[in-house]
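Please look over the model below before reading on. The paragraphs that follow begin at one residue and work outwards.

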Amino acid sequence: MRVLTVFSLALLLAGCLSGTQVNNSGFGRYSNSTASYAARGGEMPLVVFGNPTNAPQAAVDQAVADGLYGTHVLHRTVFVPRASLAPEGYRTVVHFGGIDGDVACGLDAQPTNTANPGPVTAAFCLNDEALSYAAGKMAAVSGPDDPLLKKQMTALGLEIFPPVNPNYIGGDCGPMTGFC
């Protein structure tokens, strides 16, 4: 229980220091073993929708990938930006402009507003299902080299890749007991 309390405080502090305010998250069918399996080759596909800066999309995609590095339950997982990816298999998506977390992994999931500052959503996906997601508001960033962008992506990554599904804590909600 002490480890869980320390981890929860670390997540809260990471969010406060990052400039990202997470106000909605879900963990559906998330498990750390599923996340580990998804990155078993040391890489996790990453798709970034929207761009809160005037920089080229590829630069923003790489900055998001760099910010997510170290947040996966397998800490050395490298997030590999993809220009687009059909909603098949495991991947991480980030939507600048925000989108409802439940639909963040679908083919038609396109944000409508990429204001800076503005809403942002991140999700760990399997096909078109969000296994976990976090949505909130990010602080203004000047570009892909802004250290605040990296901090904000780190906060979102820690939220969507927890070591334990928060829905399973303190109860008998694990996979072998019929879930919650």
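**From one proline to the sheet**

Residue P147 is found in helix α4. The structure shown is a predicted model, and the description holds for that model. Is P147 buried or exposed? Its relative accessibility is 58% and exposed residues are those over 50%, so P147 counts as exposed. P147 also has a neighbour from elsewhere in the chain to consider: its C-alpha atom and that of A63 are separated by 9.4 Å, although the two residues are 84 apart along the chain.

Helix α4 covers residues 147-160, which makes 14 residues. From the first C-alpha to the last it reaches 20 Å, close to the 20 Å expected at 1.5 Å a residue. At the start of this helix there is a contact between a side chain and the backbone: a side-chain oxygen of D146 comes to within 2.8 Å of the backbone nitrogen of L148. Further along, the buried residues of α4 are L149, Q152, M153, A155, L156, G157, E159 and I160.

The next element to trace is the sheet. It is open and formed by 6 strands, in the order β1-β6-β5-β4-β2-β3, with mixed pairing. At its edges lie β1 (21-26) and β3 (78-82), each of which pairs on one side only. Direction ignored, neighbouring strands of this sheet are turned by 20° against each other on average.

Within the sheet, strand β5 (residues 118-126) pairs with strand β6 (residues 129-138) in the antiparallel sense, over 9 bridges. One residue pair to look for is A122 and its bridge partner in β6, A134.

Two helices can now be placed against these strands. Helix α3 (residues 57-68) packs on the sheet and touches β2 (43-49), β3 and β4 (90-96); the direction of α3 makes about 135° with that of β2. Helix α4 packs on the sheet as well, touching β1, β4, β5 and β6, and its direction makes about 145° with that of β6.

That leaves the cysteines. The count comes to 1 disulfide, and it joins C105 to C125 with an S to S distance of 2.0 Å. Where do C105 and C125 lie in the chain? C105 is in the loop between β4 and β5, whereas C125 is in strand β5; the pair, 20 residues apart, links distant parts of the chain. Both C105 and C125 are buried. The torsion about their S-S bond is about -75°, and the disulfide is therefore left-handed.

Technical notes. Residues are numbered from 1 along each chain as its sequence is written. This is a predicted model: local features need pLDDT of at least 70, side-chain atom pairs count only at pLDDT 80 or more; totals for chains, interfaces and linings use all residues. Side-chain values use heavy atoms; hydrogens and water are left out. Helices (H or I, at least four residues) and strands (E, at least two) are DSSP runs, numbered from the N terminus. The expected span of a helix is 1.5 Å times one less than its number of residues. Buried means under 20% relative accessible area, exposed over 50%, partly exposed in between (1.4 Å probe, protein chains only). A polar contact is a pair of N or O atoms within 3.5 Å; within protein, one must be able to donate a hydrogen and the other to accept it, and residues adjacent in sequence count only if both atoms are side-chain atoms. Two strands pair if DSSP finds at least two bridges between them. Axes are lines fitted to C-alpha atoms, for helices over the stretch in contact, and angles run from 0 to 180 degrees between N-to-C directions. Contact means heavy atoms within 4.5 Å. A disulfide is a pair of cysteine sulfur atoms within 2.5 Å.
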